[in-house]
Amino acid sequence: MTQTPRFAKRMDGITGSAIRELFKITARPGVISFGGGNPSPAALPDEIVADISRELVAGNGKVLLQYGMTEGLPALRESLVPYIEKEFGVKTTADQILPVTGSTQAFNLLMDAYTDPGDVILTEDPTFLGATQAMALHQLKIVPVECDDEGLKTDALEEAILKYHPRMLYTIPTFQNPTGVTMPLERRKKIAELAEKYDLLVAEDDPYRSLRYTGESLPTIKSFDKSGKVVLMGSFSKVISPGLRVAFMVCEPVLLRKCTICKQSDDLHTANLNQAIVDAYLRRDLLTPHIENISKNYRAQMEEMLSCLKNVRGIEHYTKPEGGLFIFCYLKEGVNATDMLMKAVEKGVAYVPGTYFYPNGGHENTLRLNFSNSDIPTIRRGMALLDECLK
Ligand SMILES: Cc1ncc(COP(=O)(O)O)c(C=O)c1O
């Protein structure tokens, strides 16, 4: 019999994403899944990327296939400057931008460079599970802060700052994962003010902002940052392809330098070819029409799911996002969405129980629905099955 090896202490209590385990059950053939968070296969620009890749390798293959700089492909850093100004409202320079391997890496580098085990990190409650797993691996003490249908409550945030003296706040202000809610302007400004007042580093994770289907775009928290306390993380995963693993972080050069050093021993650099593909998307103005195109379908899918939700018995309240990929639902107090999931899968529909997104658990009566991965007839059928199950 083989003995269980002794693992690092930081692995204590870390079991891997419960959601990924759930997907194995919910991925049964014939089950309509509202569970994932993937872009729709129809939104992945395989043919364009194939053409661009061939052209890039034919033209500059000896450079792209060689080792690159940890700081990123110079061309991409340059093309990110106007993109970040236009899309995120942040005036920046190439020395404040680091291309990274997914915004997942940006957040990990930030914690590598800025936190020590035992430091307190504040998060929204609920929040993105991938981020809480990374916080746990950094042995941070996670303190979730109360949210409402407009995101993080800034009075609760200030109380938590005074009580816990956190090192960092992690927030997803636009079309949040898992709730889909967007933080209004005043709260964004307030967070930038609190960051300055209490010397708190804010990690602003904004991968969904370009996927807006209705309403007006809101400024980033970073755009109100006068003291260099906000780090902006953006990603091309949801708007071009998650498989390319290209994202970026924007912050003050001193902190960026520390993150770059951490990246050296992490993956040395983000894949050159993938950076060059994203650079071509930006330089050739391919991104805006692509986003407009995919947003048409996503908007129709979101509207259909919201409209179906009016008739799903058993759901007492749900968020009404203006973009992104998710809607969050609240069942009657006392109903357990995890227990209901097996029943739902038997009927032929799946979702993610919301409890997994709450760092301290609980909130068993919540669930997350994804609308990007199902076409309209599938959404109608799936929501009818959900109604049958929850009624
Ligand atoms: C809020 C949030 N941040 C980051 C990510 C991961 O992004 P990336 O693919 O750039 O690592 C996701 C993916 O689901 C997400 O929902």
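Which residues line the second largest cavity? Thr174, Phe175, Arg209, Arg212, Ser217 and Leu218 do so, and they are the starting point for a walk through the enclosed and open spaces of this structure.

The model is predicted, so local features are given at pLDDT of at least 70 and side-chain atom pairs at pLDDT 80 or more, while totals for chains, interfaces and linings use all residues. Residues are numbered from 1 along each chain as its sequence is written, and side-chain values use heavy atoms, with hydrogens and water left out.

On a 1 Å grid over the protein atoms alone, a cavity is a set of points where a 1.4 Å probe fits but cannot get out, whereas a pocket is an open set with protein on both sides within 12 Å along at least five of seven lines, and lining residues have an atom within 4 Å of a point. Volumes are the space filled by probe spheres set on the points, which are joined across faces, edges and corners. By this rule there are two cavities of 30 Å³ or more. The second largest cavity holds about 30 Å³, and its lining divides into two nonpolar, two polar and two charged residues (Ala, Val, Leu, Ile, Met, Phe, Trp, Tyr, Cys and Pro count as nonpolar, Asp, Glu, Lys and Arg as charged, and the others, Gly among them, as polar).

The largest cavity has a volume of about 40 Å³, and its lining consists of Tyr83, Phe88, Asp206, Pro207, Arg209, Ser210, Gly234, Ser235 and Val239. Helix H3 (74–88) and strand E8 each supply at least two residues of this lining, where helices (H or I, at least four residues) and strands (E, at least two) are DSSP runs numbered from the N terminus.

From these cavities we turn to the largest pocket, which has about 940 Å³ of space. Among the 34 residues that line the largest pocket, Arg20, Thr104, Phe128, Gly130 and Lys238 are the closest to its centre. Helix H5 gives the largest share of the lining, six residues, and the lining as a whole divides into 16 nonpolar, 13 polar and five charged residues.

The space taken by the ligand is this largest pocket, a molecule being placed in a pocket if more than half of its atoms lie within 2 Å of the grid points. Of the 14 residues around the ligand, Thr104, Asp205, Tyr208, Ser235 and Ser237 come nearest, a residue being counted if one of its heavy atoms lies within 4 Å. Helix H4 (residues 102–114) contributes the largest share of this shell, three residues.

Two side chains stand at 2.6 Å in this account: an N or O atom of Asp205 lies 2.6 Å from a nitrogen atom of the ligand, and an N or O atom of Ser237 lies 2.6 Å from an oxygen atom of the ligand. An N or O atom in the side chain of Arg245 is 2.8 Å from an oxygen atom of the ligand. Taken alone the ligand exposes 400 Å², of which the protein buries 91%, with accessible areas from the Shrake-Rupley method and a 1.4 Å probe.

Arg245 also has a positive phi of about 60 degrees although it is not a glycine, and it lies in the loop between strand E8 (230–235) and strand E9 (247–250). Elsewhere, a cis peptide bond joins Asp125 and Pro126, with omega about 15 degrees.

Definitions and conventions: Polar contact = N/O pair within 3.5 Å; in protein donor to acceptor, adjacent residues only side chain to side chain.
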